[in-house]
Amino acid sequence: MILVTFAVPFESAAFRREVVSRDVRILHTGVGADAARAALEQALCEGVPERVIASGFAGALVPELAIGEVVTERSRRIASAAEVLATAEDKRAFRERTGAEVVDMETEAIREVCEAAGVPLSIRRVISDRAEDDLGLPPVLLDALSARPVSAMPRLLWTLATQPARRRAFLRLVRDCRTAQRALAATLVEELGG
């Protein structure tokens, strides 16, 4: 069995429509290192997979990475941030601090758990936002949408209705994330022979 991780169901939506093998299990870990670590440790207690594929969305930290480009641990330096990098300035500062080219929030925790358990790990992250993109919403609202989308909806709607610039950036992000979903699903299906 191969275990494929995603932070949230939105990231895996296109892949779930395509995957046909019984030898593939999808795990939604939740957002961030603590959630990913706990979810993966629990999953490994239920059965050790042949390998884990850490997948999902990631932000570009260098301008040459495009929306929908799938990156691996061999192709790019990937680092995990403790919080959402919501602005181009946040991404620039993180790049200067870490030297990373790609940022997510779970890969490092997943790597630690896999190494401790002796489980092989592959990384397949897809670029959902460019280095120069602002995500359109404050990090606290982005976090709330990931963790509790229904309860965050009134605040999201109010923000989008009253702040047109944020609305345009957020709608671009949603469009780009749908492109990223499809690209990641195609890569995973091809890799897994589905």
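## Exercises on a pocket and on helix packing

The lining of the largest pocket comprises 21 nonpolar, 3 polar and 9 charged residues. The model under study is a predicted one.

**Exercise 1.** Describe the largest pocket by its volume, its central residues and the elements that line it.

*Solution.*
Step 1. The largest pocket holds about 800 Å³ of space.
Step 2. Its lining consists of 33 residues, and those nearest the centre are F57, L142, S146, L173 and C177.
Step 3. Several elements give two or more residues to this lining: among the helices these are helix 1 (9-18), helix 5 (139-147), helix 6 (149-162) and helix 7 (164-192), and among the strands, strand 3 (51-60), strand 6 (102-104) and strand 7 (121-129).
Step 4. Helix 7 makes the greatest contribution to the lining, with 5 residues.

**Exercise 2.** Determine how helix 2 and helix 4 are arranged, and state which residues join them.

*Solution.*
Step 1. Two packed helices are described by the angle between their axes and the distance between the axes.
Step 2. For helix 2 (residues 33-46) and helix 4 (residues 107-117), the axes come within 8 Å and cross at roughly 30°.
Step 3. Angles under 35 degrees count as roughly parallel, so helix 2 is roughly parallel to helix 4.
Step 4. The crossing of helix 2 with helix 4 is right-handed.
Step 5. Helix 2 makes the contact through A33, A36, R37, L40, E41 and L44, while helix 4 supplies A109, I110, E112, V113, C114 and A117.
Step 6. Sorted by class, this contact of helix 2 with helix 4 contains 9 nonpolar and 3 charged residues, and no polar ones.

**Exercise 3.** Give the packing angle, the handedness and the contact residues of helix 5 and helix 6.

*Solution.*
Step 1. Helix 5 and helix 6 pack at about 145°, and their axes are 7 Å apart.
Step 2. Their crossing is left-handed.
Step 3. V140, L141, A144, L145, S146 and A147 of helix 5 meet P149, A152, R155, L156 and T159 of helix 6.
Step 4. The classes in this contact of helix 5 with helix 6 are 8 nonpolar, 2 polar and 1 charged.

**Exercise 4.** Analyse the packing of helix 6 with helix 7.

*Solution.*
Step 1. The angle is about 115°, and the axes lie 5 Å apart.
Step 2. From helix 6, the contact involves L156, T159, L160, A161 and T162; from helix 7, P164, R166, R167 and F170.
Step 3. By class, the contact of helix 6 with helix 7 has 5 nonpolar, 2 polar and 2 charged residues.

Technical notes. Residues numbered from 1 in each chain as written. Predicted model: local features only at pLDDT ≥ 70, side-chain atom pairs only at ≥ 80, totals over all residues. Heavy atoms only, no water. Axes fitted to C-alpha atoms, helices over the stretch in contact; angles between N-to-C directions. Helix = DSSP H or I, 4+ residues; strand = E, 2+ residues; numbered from the N terminus. Parallel < 35°, antiparallel > 145°, perpendicular 65-115°, else oblique. Left-handed = near helix turned anticlockwise from the far one by under 90°. Contact = heavy atoms within 4.5 Å. Nonpolar A, V, L, I, M, F, W, Y, C, P; charged D, E, K, R; others polar. 1 Å grid on protein atoms, 1.4 Å probe; cavity = no way out; pocket = protein on both sides within 12 Å on 5 of 7 lines; lining within 4 Å. Points joined across faces, edges and corners; volume = space filled by probe spheres on them.
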